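Here are some short exercises to work through with the model open beside you. Try each task before you read its solution.

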Amino acid sequence: MSPVLAARNVTKVFTTGKDQSLLAVDNLSFEIGDGEFLCLLGASGCGKSTILNMFAGFIQPTSGEVLLRDKPIVDIEPRCGMIFQSYALFPWKTVRGNVEFGLLMKGLSRAERRERAAAFIEMVNLRGFEEHYPAELSGGMQQRVTIARLLAADPEVLLMDEPFAALDAMTRQVMQEELLRIQERSGKTVVFITHSIDEALILSSRILVMSARPGRIKAVITNDLSTPRHIAVQVSPEYGKLKSTVWDLIESEVRRHSMEPAPN
Amino acid sequence: MSPVFLPKPGRVLGEGAASLASGQLLIDIWMSTQRVLLGFMLAGAVAIPLGIVMAVWAPAKAAVDPFVSLLRPLPSITWIPLTMLWLGIGEAQKIAIVFMGSWIYILLYTIESTKRVDPLLIRAARNLGARDLHVMLHVILPGALPGIIAGLKVTLAISWSCVLTAEMIAAQNGLGAVIWQGKDWGNLALVLVGMLCISIVVLLADKAAGVLERLMLPWERHTRN
């Protein structure tokens with residue numbers, strides 16, 4: 001079966017100054033299958049976000065191509081929906097208004113929008129908060145709204161750029177479980193960026209370990225830990241073994257990267 | 001202090017009560033308010049759409065910027081001779097003075113607030129399937145609105161000072177004319193009545209603008225605290 005998303009020999013160079021440029025992603029190729037939960041794991045500055053932004057069509061590769069169902073992505077692609085780390089909710093719209101946004105863009109009637117939005121608000125456990133503005137909600141609740149907003153717009157792929165990084169550890173744990181539950185139910189393909197090994201192990205079906213700048217694939221790890229990955233799984237010997245495998249791959253990259261000066 | 005230099009409060013109140021009773025003071029207040037509102041609304045009607053277009057479309061900004069640079073340093077009072085020549089000393093001339101003194105501020109606030117709309121929100125909207133018109137309606141306009149309204153509030157006070165200047169130079173009525181007549185007749189109490197009215201009316205206008213602002217920006221209540 002053909003992949004949902006693919007990167008073929010993708011290179012991205014950013015111009016940072018007059019005669020300066022930065023190689024963010026170097027000749028990257030990989031594929032993502034239908035319904036897969038892929039984690040891109042790597043130290044900060046390894047080009048993870050760059051890859052995601054190319055899949056969303058926000059930026060174009062310098063060379064090579066990114067494909068959605070075998071067609072190159074050349075413009076902002078609503079079928080690849082993005083969850084931003086900073087939520088990017090519309091502050092002037094209520095929870096309901098935000099969740100209805102994608103439906104409004106599709107030209108659905110007011111009654112249909114209401115009905116569908118209600119289902120997704122329910123799905124992320126925010127019933128009763130429909131008329132609240134984002135600023136009235138906690139970070140975890142805001143991120144739930146973005147998830148409901150994106151699911152309502154019904155993209156084929158969910159691109160998630162460290163979506164839980166700004167949340168406290170306990171909220172993050174709850175959100176991870178909810179995301180898994182939602183992903184199982186919706187069957188959506190997810191590309192999830194993180195720099196937390198635990199997060200990658202808990203969520204993913206496959207992990208792409210990235211090298212530090214320029215971004216290359218260092219290893220591909222199939223995560224076949226049993227699901228659901230409750231605390232019992234997280235303290236199992238298999239989990240520990242996989243975690244140390246991943247850490248061994250990443251450690252040298254982190255050390256290498258932390259010795260380099262920042263690009264900007 | 002000698003009452004010649006500063007009349008006693010009782011005299012000012014008496015003068016005020018007399019003008020109120022004759023109905024003349026209310027007419028003056030209403031005339032000034034009307035001139036301010038008309039000139040101010042006209043300025044907004046021109047400057048807000050123009051500012052939005054200039055902020056999102058570079059050629060428009062390039063075309064209008066030179067005029068803005070030339071006109072901006074001119075206080076509205078410098079337009080009085082020309083506007084009198086073109087429009088006489090009637091209502092149109094007062095409104096023109098308010099307009100000339102207000103529109104550039106509204107324009108600059110509008111451009112600035114439109115440009116400051118978070119590009120991430122525009123990106124998010126496009127990612128959710130929004131096209132240009134929807135991005136404008138659902139993201140750029142509401143995103144710029146708080147800044148535009150803040151600019152309108154600042155400009156409203158400026159509009160008031162414009163109308164008073166115009167009325168002091170040539171007008172039959174209005175609060176500026178009241179002050180100038182008081183000066184001409186040596187009636188300092190009347191001057192103070194005029195000044196007091198200006199303070200009260202501008203204060204009330206500002207309060208009313210605040211109420212309108214809260215109604216138009218219900219989400220801001222939460223982000224501000």
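**Exercise 1.** In this predicted model, find out whether the crossing of α2(B) and α3(B) is left-handed or right-handed, then describe how the two helices pack.

*Solution.*
- Step 1: Look along the pair, and you will find that α2(B) and α3(B) cross in a left-handed way.
- Step 2: Take the geometry next. Helix α3 covers residues 58-71 of chain B, and α2(B) packs on it at an angle of about 120° with the axes 5 Å apart.
- Step 3: Classify the angle. Roughly perpendicular runs from 65 to 115 degrees and roughly antiparallel starts over 145; α2(B) and α3(B) are therefore oblique to each other.
- Step 4: Pick out the residues. From α2(B) come Leu50(B), Val53(B) and Met54(B), which meet Ala60(B), Lys61(B) and Val64(B) of α3(B).
- Step 5: Sort this contact by character: five residues are nonpolar, none is polar and one is charged.

**Exercise 2.** Stay with α2(B) and describe its packing with α7(B).

*Solution.*
- Step 1: Locate both helices in chain B: α2 spans residues 24-56 and α7 spans residues 132-169.
- Step 2: Their packing angle is about 140°, and their axes lie 9 Å apart.
- Step 3: Assign the hand, which is right-handed for α2(B) and α7(B).
- Step 4: List partners. The α2(B) side includes Ser32(B), Arg35(B), Phe40(B) and Ile48(B), while the α7(B) side includes Ile140(B), Leu152(B), Trp160(B) and Glu167(B).
- Step 5: Sort the contact residues of α2(B) and α7(B), and you get twelve nonpolar, four polar and two charged.

**Exercise 3.** How are α1(B) and α9(B) oriented to each other, and which residues make their contact?

*Solution.*
- Step 1: Helix α1 (residues 9-22) and helix α9 (residues 188-216) of chain B pack at about 75°, with axes 8 Å apart.
- Step 2: Angles from 65 to 115 degrees count as roughly perpendicular, so α1(B) and α9(B) belong to that class.
- Step 3: On the α1(B) side you will find Arg11(B), Val12(B), Glu15(B), Gly16(B) and Ser19(B); on the α9(B) side, Ala189(B), Leu190(B), Leu192(B) and Val193(B).
- Step 4: By character, the contact of α1(B) with α9(B) has five nonpolar, two polar and two charged residues.

**Exercise 4.** Zoom out: how many helices and strands does chain B have, and what does its C-alpha trace span?

*Solution.*
- Step 1: Chain B has ten helices and zero strands.
- Step 2: Along the principal axes, the C-alpha trace of chain B spans about 70 × 45 × 30 Å.
- Step 3: Check confidence. Chain B has a mean pLDDT of 92, with 98% of its residues at 70 or more.

**Exercise 5.** Now turn to chain A: describe its domains and the contact between them.

*Solution.*
- Step 1: Domain 1 of chain A comprises 1-79 + 157-264, and domain 2 comprises 86-154.
- Step 2: The C-alpha centres of these two domains are 26 Å apart.
- Step 3: Domain 1 contributes eleven residues to the contact and domain 2 contributes nine.
- Step 4: On the domain 1 side, the largest share, five residues, comes from helix α5 (residues 169-186) of chain A.
- Step 5: That domain 1 side divides into eight nonpolar, two polar and one charged.

**Exercise 6.** What does each chain give to the contact between chain A and chain B?

*Solution.*
- Step 1: Chain A supplies 20 residues and chain B supplies 15 residues.
- Step 2: On the chain A side, β6 (80-83) and α2 (95-105) each give two or more residues, and α2(A) gives the most, with three.
- Step 3: The chain A side holds 15 nonpolar, three polar and two charged residues.
- Step 4: For the complex, the predictor gives an ipTM of 0.86 and a pTM of 0.85.

Notes: Residues are numbered from 1 along each chain as its sequence is written. Chains are lettered from A and ligands numbered from 1 in the order in which they are written. This is a predicted model: local features need pLDDT of at least 70, side-chain atom pairs count only at pLDDT 80 or more; totals for chains, interfaces and linings use all residues. Axes are lines fitted to C-alpha atoms, for helices over the stretch in contact, and angles run from 0 to 180 degrees between N-to-C directions. Helices (H or I, at least four residues) and strands (E, at least two) are DSSP runs, numbered from the N terminus. A crossing is left-handed if the near helix is turned anticlockwise from the far one by less than a right angle, and right-handed if clockwise. Two residues are in contact if their C-beta atoms, placed from the backbone, lie within 7 Å. Ala, Val, Leu, Ile, Met, Phe, Trp, Tyr, Cys and Pro count as nonpolar, Asp, Glu, Lys and Arg as charged, and the others, Gly among them, as polar. Domain bounds come from an automatic or database domain assignment. Angles under 35 degrees count as roughly parallel, over 145 as roughly antiparallel, 65 to 115 as roughly perpendicular and the rest as oblique. pLDDT is the predictor's confidence in each residue, from 0 to 100.
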